Amino acid sequence: MTRLHGLYGLTDATLMPTDTLMLERVEAALRGGMRLLQYRDKSTDDARRLRQALALRDLCRQYDCPLLINDDVELAHASGADGVHLGQQDGSVAAARDRLGPAALIGQTCHDRIDLAQRAIQAGADHVAFGAFFASRTKPEAELAPLALLQEARARLNVPVVAIGGISMDNVARVVAAGADLIAVVNALFAAEDIQQQAERLTQPFHVS
Ligand SMILES: Cc1ncc(COP(=O)(O)OP(=O)(O)O)c(N)n1
Ligand SMILES: Cc1ncsc1CCOP(=O)(O)O
Ligand SMILES: [Mg+2]
């Protein structure tokens, strides 16, 4: 497994209202160079969630892109996804590691706190996420974190660091220069008119850093 790096897309049920549109839009992002995908669906429709996770797993495999499931370790297990993303209220990272095994990718939200990241890594996370760095259309209630946190995280943590929240073409170069290994994006990627081209553009700062 290569080190996690680059554009990390998160699906969004509003921007992808049908299975067909979801797969088309995700495939466009994969063609444009997306390196990691998270299936993020807050619905309680378990049959739909399993069906979509399985379809995304098959698609992502064709592009050698790992798939993570948001919030739900059991869906990650049942769908054969590559791992899971957990928030601070989404259950134990150690239990997820036990359930999914040593090869699984497990990320945890750490907001603006290095101590939470250290705890996550201790519990078995192999990457950590900070943010929101800018106001987010997808999650407007997310509290803001300062960009300087990314440099500190890179210096103090020995796992890939994800930046999330309001990342767009206006700020992506600054986020990458500040030290993000991955940029996690919903709106600026999947609401774009040409998603493949937008993925290429959002990936550009990683080629110059
Ligand atoms: C990469 C990444 N970072 C942060 C989050 C947010 O997780 P959480 O705080 O659990 O909030 P929800 O996404 O579950 O609403 C994330 N999903 N992905
Ligand atoms: C899930 C999540 N957690 C913090 S911000 C956010 C949403 C990111 O979406 P966008 O890229 O549209 O701001
Ligand atoms: Mg969550």
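**View 1. Annotated binding-site positions in the predicted model.** The unreviewed UniProt entry places the feature "binding site" at Gln38, Tyr39, Arg40, Asp41, Lys42, Asn70, Thr109 and Lys139. Two of these annotated positions, Lys42 and Thr109, are described in the next views.

**View 2. Lys42 in a loop.** Strand E2 (36-39) and helix H2 (46-62) are connected by the loop that holds Lys42. Lys42 counts as exposed because it has 9 C-beta neighbours inside 10 Å, and the limit for an exposed residue is 12 or fewer.

**View 3. Thr109 in strand E5.** Strand E5 spans residues 105-109 and includes Thr109. Thr109 has 22 C-beta neighbours inside 10 Å and therefore counts as buried, the threshold being 20 or more. Leaving aside residues up to four places away in sequence, Thr109 touches Gly87, Gln88 and Ala129.

**View 4. The closed barrel and helix H9.** Eight strands form a closed barrel in the order E1-E2-E3-E4-E5-E6-E7-E8, with parallel pairing. From one strand to the next, the twist averages 25 degrees. Helix H9 (residues 195-208) packs on the sheet and touches strand E1 (6-10) and strand E8 (182-185). The direction of H9 makes about 140 degrees with that of E1.

**View 5. Pairing of strands E6 and E7.** Strand E6 (residues 127-131) and strand E7 (residues 161-164) run parallel and are joined by four bridges. Ala129, a contact of Thr109, has Val162 in E7 as its bridge partner.

**View 6. The surroundings of ligand 2.** Ligand 2 has 15 residues around it, of which Ser136, Thr138, Gly165, Val186 and Asn187 come nearest. The shell comprises seven nonpolar, six polar and two charged residues.

Key: Residues numbered from 1 in each chain as written. Chains lettered and ligands numbered in written order. Predicted model: local features only at pLDDT ≥ 70, side-chain atom pairs only at ≥ 80, totals over all residues. Near = placed C-beta within 6 Å. Nonpolar A, V, L, I, M, F, W, Y, C, P; charged D, E, K, R; others polar. UniProt positions renumbered as here; feature names shortened; annotations may be inferred. Helix = DSSP H or I, 4+ residues; strand = E, 2+ residues; numbered from the N terminus. Contact = placed C-beta atoms within 7 Å. Pairing = 2+ DSSP bridges. Axes fitted to C-alpha atoms, helices over the stretch in contact; angles between N-to-C directions.
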